[in-house]
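Ready for some practice in reading a protein model? Keep the structure open beside you and try each exercise before you look at its solution.

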Amino acid sequence: MLIATANRREGTVSTQVVCLDADNTLWDTDGVFAVAQLQLLTGIAKALQKNVGAPDRLAYVREVDQELASRHHLGLRYPPRLLIAALCHRLDGSDPATAARTAWSDPTAIPLSDDAVAAIESRYFSDLRSTPKLLPGVPEGLEKMHRAGATLVIVTEGGRQRVQNVLRANNIDGYIDRVIDAPKRKELFIRLKRLFGPAVQVFMIGDQITRDIIPAAAAGIEAIHVEGKFRPIWEIGSDASISHKAATFESAADTVLASA
């Protein structure tokens, strides 16, 4: 279901509407996950009394994480207990793919007590509640587009209330006209384009090619890719789908305004 906040500039006429991804486009969600995943690995290794021999501990977790996400219908939003189970198998000597498959076949097969698993999982959820910091160029880019009179719409699958909380915590909620919580599919962007009307230029700025750029472009929306620090394995090789790239969010905003 498409859910939106009320437009804060009701009655104004905008010739540009800019749809914005939130996580890893406006703020550093990946950084929050990195801290949480490293703490998760530390907790599991301590409980199992195992040493993590890998020099890059985050890569060690992410290899398993990506194997799980590529298999689960929720993608990166798969249940954390799957990651706990898979990392137990990884620490026991399995390669990432085998560890993920084993956890997938029986997520309850965790060689830890229920209390230990609950404590590790609780700490993980607590770490994920940290407020992510804004990425470089975001305040400047939002200010430029807002001053130019563009309507700024966040399109997210991460929960409207959560997004609004992060907007307020980072003091950028005043720039945003709407928050839409809905699956990012071609059909959604077609509906948005119809909603705003044929006289309006509609753009999409996002970091994920398959979730932000491709469906928006397929609906006839000008899509601008801002590459983030984290790139899912299923996006490798999809660069050919990008027609507009920007190094920072501010550069993406400049591209939007230059086309007015």
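**Exercise 1. What percentage of the 260 residues of the chain count as buried?**

Start with what you are looking at: this is a predicted model. A residue is called buried when its relative accessible area is under 20%. By that cut-off, 48% of the 260 residues are buried.

**Exercise 2. Describe the overall build of the chain, and judge its radius of gyration.**

Step 1: list the secondary structure. You should find 10 helices and six strands.

Step 2: look at the extent. The C-alpha trace spans about 60 × 35 × 35 Å along its principal axes.

Step 3: compare with a rule. For 260 residues, a compact globule would have a radius of gyration near 18 Å, and the value of 20 Å for this chain agrees with that.

Step 4: ask which contacts hold distant parts of the sequence together. Taking contacts between residues at least 6 apart in sequence, 71% join residues at least 24 apart.

**Exercise 3. Which residues of helix α10 are buried, and why do they line one face?**

Step 1: find the helix at residues 249-258; its buried residues are Phe249, Ala252, Ala253 and Val256.

Step 2: look down the axis of α10. The buried residues fall within an arc of 100 degrees, so they line one face of the helix.

Step 3: recall the general rule. An α-helix has 3.6 residues a turn, so residues three or four places apart point the same way.

Step 4: see what the buried residues of α10 pack against. Their partners are the strands β1 (16-20), β4 (201-206), β5 (222-226) and β6 (245-246), together with helix α6 (138-147).

**Exercise 4. Now do the same for helix α7: what do its buried residues pack against?**

Step 1: within residues 160-169, pick out Val163, Gln164, Val166 and Leu167, which are buried.

Step 2: check their directions. These residues cover an arc of only 160 degrees around the axis, which puts them on the same side of α7.

Step 3: name the partners. The buried residues of α7 pack against β2 (151-156) and β3 (178-181).

Step 4: look just past the helix, where Asn171 has a positive phi of about 60 degrees.

**Exercise 5. Is Val35 buried or exposed?**

Step 1: locate Val35 in helix α1, residues 29-48.

Step 2: apply the cut-off. Exposed means over 50%, and Val35 has 54% relative accessibility, so Val35 counts as exposed.

Step 3: compare sequence with space. Val35 and Leu128 are 93 residues apart in sequence, yet their C-alpha atoms are 8.4 Å apart.

Notes:
Residues numbered from 1 in each chain as written. Predicted model: local features only at pLDDT ≥ 70, side-chain atom pairs only at ≥ 80, totals over all residues. Heavy atoms only, no water. Helix = DSSP H or I, 4+ residues; strand = E, 2+ residues; numbered from the N terminus. Rg over C-alpha atoms; globule rule 2.2 N^0.38 Å. Buried < 20%, exposed > 50% of the residue type's maximum accessible area, 1.4 Å probe, protein only. Contact = heavy atoms within 4.5 Å. Arc of directions from axis to C-beta.
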